[in-house]
Amino acid sequence: MSTAGQVIRCKAAVAWESGKPLSIEEVEVAPPQKDEVRIKILFTSLCHTDVYFWDAKGQNPLFPRILGHEAGGIVESVGEGVTDLKPGDHVLPIFTGECKECPHCLSEESNMCDLLRINTDRGEMINDGKSRFSINGKPIYHFLGTSTFSEYTVVHVGQVAKINPEAPLDKVCVLSCGMSTGFGATVNVAKPKKGQSVAIFGLGAVGLAAAEGARVSGASRIIGVDLNPSRFELAKNFGVTEFVNPKDHNKPVQEVIAEMTGGGVDRSVECTGSIQAMISAFECVHDGWGVAVLVGVPNKDDAFKTHPVNLLNERTLKGTFFGNYKPRTDIPAVVERYMNKELELDKFITHSVPFSEINKAFEYMLAGEGLRCVIRMDA
């Protein structure tokens, strides 16, 4: 493209300080350096993680910053050493990476790349410790190595999944974070067999993606657990067959589920980050073969306890990060599952706004309305 090697001036939504509405500004986006690609973002969506770091409570605030990490776009240009991507490729930037060389990347069991695993504190590129964004020569910080709330962004090649160019980017953009996290937690980690029962704790977007994984796996019963009964009706669209609100019972929810299922569910997936939900998710699985998977991120000082006999009775407790998907190797195949109509994504996208109204997406999420709001960058 004619812009290759040049600074691009474009619009970006800049977070100048915590909790204040984003401001649409003209930013300069430098060309990609070694092992980097510059991407024209076409669609991006808002995830709770963006809101969490915009609000900046309980972590190191880093401003001014360009947030955003669920997105789809087209490669504009590539830096030195990039051989597996070229201008025009359709891609999903991912908040975590795959260098393909470290022990984690070489292991079939791990997706936690030593070089590129999620780093919420870093505001610059790994290559030279500098930002590729600036306004009037003053740097603007990156976020998760993606910064997709900009018409153009620069991303390390290891954080870019090349996908089928026929895939609609306004739909598959949600696979670059939350949907893959929940779906993969079920299909890659819990691995329910056809006809088994699954409990999902937390029926937000990630929990419903986990339920979708259970539906695709052929689970016979999918029990949704949530403190908000207004989520139950929507969850039926994702295969959830029964609902439990812990507030409706005067005993622990794990006991309620054990009674409902004759001893416990075969699999459970916890998507809330609440330690009480984590305990319940583990203790509600059947002894002998039950598997519980933790997805939700707890507060940093949290700890939970359970009696060791729960493990000795052959229950398994697992954790997962990004659904155990390796970004470059595995995410293209998840896109194909959508293209083959195995995996439904459209029902996750409940709102859409033009880029100029990006703050509306924050309003929807803060009000608990809908699941995903897709932001159209060209509007």
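Phenylalanine 53 counts as buried, because its relative accessibility is 10% and buried means under 20% relative accessible area (exposed is over 50%, partly exposed in between, with a 1.4 Å probe and protein chains only). This residue lies in helix α1 (residues 48-55); helices (H or I, at least four residues) and strands (E, at least two) are DSSP runs, numbered from the N terminus. Phenylalanine 53 and alanine 15 are 38 residues apart in sequence, and their C-alpha atoms are 10.0 Å apart in space.

The model is predicted: local features need pLDDT of at least 70, side-chain atom pairs count only at pLDDT 80 or more, and totals for chains, interfaces and linings use all residues. Residues are numbered from 1 along each chain as its sequence is written, and side-chain values use heavy atoms, with hydrogens and water left out.

**Overall form**

- The protein contains 11 helices and 17 strands.
- A compact globule of 379 residues would have a radius of gyration near 21 Å (taken over C-alpha atoms; the rule is 2.2 Å times the number of residues to the power 0.38), and the 21 Å of the protein agrees with this.
- The C-alpha trace spans about 65 × 40 × 40 Å along its principal axes.
- Of the 379 residues, 54% count as buried.
- Contact means heavy atoms within 4.5 Å; among contacts between residues at least 6 apart in sequence, 70% join residues at least 24 apart.
- The accessible surface, from the Shrake-Rupley method with a 1.4 Å probe, comes to about 16100 Å², and carbon and sulfur atoms account for 50% of that area.

**Helix α5**

- Helix α5 covers residues 205-217, and its 13 residues should span 18 Å at 1.5 Å a residue (1.5 Å times one less than the number of residues); the end C-alpha atoms are 18 Å apart, in agreement.
- Buried residues of α5 include Ala205, Gly207, Leu208, Glu212 and Ala214.
- Among the elements that cover the buried residues of α5 are α4 (178-190), β10 (197-201), β11 (221-225) and β17 (372-376).
- Just after α5, glycine 218 adopts a positive phi of about 85°.

**Cysteines**

- The structure holds 0 disulfides (a disulfide is a pair of cysteine sulfur atoms within 2.5 Å).
- The closest cysteine sulfur to that of cysteine 102 is in cysteine 105, 3.7 Å away, which is too far for a bond; cysteine 102 counts as buried at 9% relative accessibility.
- For cysteine 271, the closest cysteine sulfur is in cysteine 177 at 12 Å, also too far for a bond; cysteine 271 counts as buried at 16% relative accessibility.
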